[in-house]
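Work through the exercises below with the sequence and the model in view, trying each task before reading its solution.

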Amino acid sequence: MKFTKRATAEVFLSLGQKIGLAVIAALAIAAAVLWGPGILPRIASGIVVVFYLCFVLLKLVTFGAGAFYRPAKIMPASMSDPNLPSYSVLVPMYKETAEGFEKLLKSLDGLEYPKQLLQVLLILEEKDETTIAMVRSFQLPFYVEPVIVPNCGPTTKPKACDYAMLKVTGDRLVIFDFEDRPERLHLLKAVAAMDAEHACDPRVVCVQGQLMFWNPRKGAAPFYFAEYVVHFRWMLAGLARLGLVTPLGGTSNHFLTSALRKVASVYPELMFRHNGSDVRMPNVWDPFNVTEDADLGARLARLDMLVKMCNALTLEEAPHSFKTALNQRSRWLKGYAQTALVQMRRFGQSIRQMGLVRYIVFNLFVGGTPVSLLLNPLVWGTTVLYIAARINHWQGTADYIESLFPGPLYYIAMTVAIGNVVFFFQMLAAVLHQQENDAAEVPQPVREAQYGLVLPLVATPWWWLFTALPATKAMFELSVPGLRSHWSKTMHGGSVGQETAMLEGAAQALPPGQLRVDPTLQQRHRDEV
């Protein structure tokens, strides 16, 4: 099985997708001619309501499945275990600070893992001369090696990681972002979890670690914190428990390196021109996709590989500026849209590889997310207008809105509205559950900072309204060829002083025990199979 260039986001719309859009436009024109232009808003409202119903039900089912799933708390592998695998750690860097880099080195050095088995690759962009000079000013440990990515092709994290694969020597591989602060036993926990999961089901080639923000209280941070809790502790866990395709998070994914090389073997090799010569690199991550992690989850699924969750914890800095949140969220949503567009090509082949249900759910999850955020202001605005029309006796306006939602659609729309209320309380409940159940995993200072977040989260509907802005920005960038692979850099370090205080002693953890397979994990796999 081989994939073609159409399997990457370099192609915005395939010929088949363009034909499909043309057919839809032709059908809309035909309907307007036959039944009048007024039929189009009614058809559109019906499609929107049905979409919302499917999307809300998917979120509720997934959230419910995640509520009863937690990664088995397997004892970490032992530092003295002679069978520990070699590990490659990729750290993409771009326009970073010396202060942040010093903290990164300290965090990596604090990882409990035999340093002779570690390979840390600092992935630097050739054109980022300032960061390169800053890195060279440090005396790096023997296991840390800079990798300079040639200035060719898109300047994206996935392309940088693809190039770094040429240097990878480890049996296992994980990506940490520059601002990541993994717990001290992170790698040992991931090794034990991967060994246990892979022993139960050889198709498991990746375990996704838990991500959490250490600064959950400032600006936009409470909403990010709540969304991360819901996403990683509930939604992704629910998808994994149901055996569905998991759109990976961008960091703390632990892979069998052999599985990534298998992905590269079926996707076309990447080639870019640099200073008059060809630069070739494996195509593991789609270099044109700005959420390459979600796309890689689909790539693994198409090769019959599975992703599970593990309890290895990574702390991150949440963007607290709403401007930073706008840029980061627009990149995520643009990448989700890219991923859905790519996976919808040659859908017959994709369905055979993923399975019909898994294929539909994945595309509804990743494609439905930006679509729902774009539609939210329109739907909420229509609702507010209808209420205002009724209160102010604007009979014509009220009658027209009612005509868009005949009997069945009206009741479906009401169900969707109730679902949104449930989502609101889910975020509050997830944060409260997080505070109650993470005493053994989350450092005390970080855990204490979580208390009192429920009050700012009351403004969650306003946050949802705000996210329509990055969704709009994402769709605009997709419409401009030069911006489709543009990577909006997320600036970190705005809370450096707080980080020093917050993470003091955060590396504390229980002493590592002997590697073992948790019998409850084995039984869970038997039940799921």
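**Exercise 1: a serine in a loop**

S252 is buried, as its relative accessible area is 0%, where buried means under 20% relative accessible area, exposed over 50% and partly exposed in between, with a 1.4 Å probe and protein chains only. This is a predicted model, in which local features need pLDDT of at least 70 and side-chain atom pairs count only at pLDDT 80 or more, while totals for chains, interfaces and linings use all residues. Residues are numbered from 1 along each chain as its sequence is written, and side-chain values use heavy atoms, with hydrogens and water left out.

Task: find where S252 lies and describe its phi.

Solution: Start with the place, which is the loop between α7 and β7 (253-256); helices (H or I, at least four residues) and strands (E, at least two) are DSSP runs, numbered from the N terminus. Then turn to the backbone: S252 has a positive phi of about 65°, although it is not a glycine. Most residues other than glycine have a negative phi.

**Exercise 2: an asparagine in another loop**

Task: decide whether N275 is buried or exposed, and say which strands flank its loop.

Solution: N275 sits in the loop between β8 (270-274) and β9 (277-281). Its relative accessibility is 71%, so N275 counts as exposed. The phi of N275 is also positive, at about 55°, and N275 is not a glycine.

**Exercise 3: a helix checked by its length**

Task: compare the span expected for helix α7 with the distance between its end C-alpha atoms.

Solution: Helix α7 covers residues 221-241, which makes 21 residues. The expected span is 1.5 Å times one less than the number of residues, so α7 should span 30 Å, and the 28 Å between its end C-alpha atoms agrees with this. Next, look along the helix, which bends by about 35° at H231; the bend is the angle between axes fitted to the seven residues ending at a residue and the seven starting there. Finally, 20 of the 21 residues of α7 are buried, so the helix is largely enclosed by the rest of the structure.

**Exercise 4: a serine in a helix**

Task: which residues does S330 contact, leaving aside its neighbours within four places in sequence?

Solution: First locate S330 in helix α10 (residues 322-343). S330 is buried, with a relative accessible area of 0%. Its contacts (heavy atoms within 4.5 Å) beyond those neighbours are P470, K473, A474 and S488.
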